[in-house]
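Here are a few questions and answers to read alongside the model. Have the structure open as you go.

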Amino acid sequence: MINDGEGGDLVEEWVELANGCVCCTVKHSLVQALEQLIQRKDRLDHILLETTGLANPAPLASVLWLDDQLESSVRLDSIITVADAKNLRLQLGEHRESGSFPEAFLQIAFADVVILNKIDLLSLDKAGPTMPDSVEILEEEIRSINSLAQIIHSVRCQVDLNCILNCMAYDTMHVAHLESLLKESHSETAKKYHDYNVRTICISERGSVILSQVHLWLEDLLWESKHGMDIYRCKGILHVHSSDQLHTVQAVRELYEVVPTRKWGDGEKKINKMVFIGKFKDLLHSSSHFFPWN
Ligand SMILES: Nc1nc2c(ncn2[C@@H]2O[C@H](COP(=O)(O)OP(=O)(O)OP(=O)(O)O)[C@@H](O)[C@H]2O)c(=O)[nH]1
């Protein structure tokens, strides 16, 4: 039984979910359970939903990001992935070769924050006979999959809660983190890939875009997987024709939003910049192939 604080009242309310996977079979009862929790909103600041180590975050993110009934009371703040610093590279390497355990890649690809845990074990390894992974190498590995995620280091997952709560990673109106896209990104630009690994690519181009064509283009990419792109997550900023507003783009799998967020500043360099996380095949070198409306 669970007590509400030390010596506190016994917690009597339970929300029981049917047996099954939270990202597929019990997805809808999860939404109902959250709605019940929200009824007691005065007592709730955050809901932390911990999935199994084998979960694919995409279906949950889709349900929680845009569910109309939930939208007003609950919002998806961020997806946090804990990575085991001691085993990360070995595991990703093994699964990259064999194509097994895609969830490891998905969990990094969808993460807004990656907690790189057990870094104390890296420093211990230095005394050992084999070359240890350095924090820098591991960060590079994570960034090659997802260059948008914030990476924080921890021992026994002791982290500053300010780093993982109120990230507003799915809030299109919260432009601050999207505006970092205006700066240089760590990610690769489009080119031809011969493998089919999960990675981040960043495409930027000047000129203005026509909003209706942006929608068609995104639907081609996200719904039809055109241009050999299987996109998990996408963020971007757009310079829309005949608009003085900077528009932001967010997408999780097939769901996406394009919204005006703020006025472009006087003298500000107006660009279109899209960051895609996913699998890419046969991409061409020139980014102009991605902005056909120019
Ligand atoms: N040295 C060290 N040990 C850790 C750290 N975090 C967890 N451990 C230990 O590692 C062992 C395995 O724990 P985890 O890797 O968290 O695995 P788990 O408990 O199965 O976690 P799940 O993946 O959530 O199921 C336990 O004995 C932990 O005490 C850390 O940062 N440093």
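Q: Which helix gives the most to the lining of the largest pocket?
A: In this predicted model, the elements that each give two or more residues to that lining are helix H1 (27–39), helix H2 (57–66), strand E1 (80–84) and helix H8 (161–164). The top contribution is four residues, and it comes from H2.

Q: What is the volume of the largest pocket, and which residues are the closest to its centre?
A: The volume of the largest pocket is about 1300 Å³. Its lining counts 39 residues, and the closest to the centre are Ile47, Leu48, Leu49, Ser78 and Ile80.

Q: How many residues in the lining of the largest pocket are nonpolar?
A: Let's split the lining by class. Six of its residues are charged and eleven are polar. The nonpolar residues number 22.

Q: Which residue around the ligand has a polar side-chain atom 2.7 Å from a ligand oxygen atom?
A: The ligand is surrounded by Asn117, Lys118, Asp120, Leu121, Val155 and Arg156. Asn117 has a side-chain N or O atom 3.2 Å from a ligand nitrogen, and a polar side-chain atom of Asp120 is 2.8 Å from a nitrogen of the ligand. The contact to an oxygen atom at 2.7 Å belongs to Lys118.

Q: How much of the ligand's area does the protein bury?
A: Taken alone, the ligand exposes 640 Å². The share of this buried by the protein is 40%.

Q: How many residues of the shell around the ligand are charged?
A: Two residues of the shell are nonpolar and one is polar. The charged ones number three.

Q: How far apart are the end C-alpha atoms of the span that UniProt lists as "domain: CobW C-terminal"?
A: The unreviewed UniProt entry places this feature at residues 199–279. The span is 53% strand and 17% helix. Its end C-alpha atoms are separated by 6 Å.

Conventions. Residues are numbered from 1 along each chain as its sequence is written. This is a predicted model: local features need pLDDT of at least 70, side-chain atom pairs count only at pLDDT 80 or more; totals for chains, interfaces and linings use all residues. Side-chain values use heavy atoms; hydrogens and water are left out. A residue is near a molecule or strand if one of its heavy atoms lies within 4 Å of it. A polar contact is a pair of N or O atoms within 3.5 Å; within protein, one must be able to donate a hydrogen and the other to accept it, and residues adjacent in sequence count only if both atoms are side-chain atoms. Accessible areas come from the Shrake-Rupley method with a 1.4 Å probe; for residues, only the protein chains shown count as cover. Ala, Val, Leu, Ile, Met, Phe, Trp, Tyr, Cys and Pro count as nonpolar, Asp, Glu, Lys and Arg as charged, and the others, Gly among them, as polar. UniProt positions are given in the numbering used here, feature names are shortened, and annotations may be inferred rather than shown by experiment. On a 1 Å grid over the protein atoms alone, a cavity is a set of points where a 1.4 Å probe fits but cannot get out, and a pocket is an open set with protein on both sides within 12 Å along at least five of seven lines; lining residues have an atom within 4 Å of a point. Grid points are joined across faces, edges and corners, and a volume is the space filled by probe spheres set on the points.
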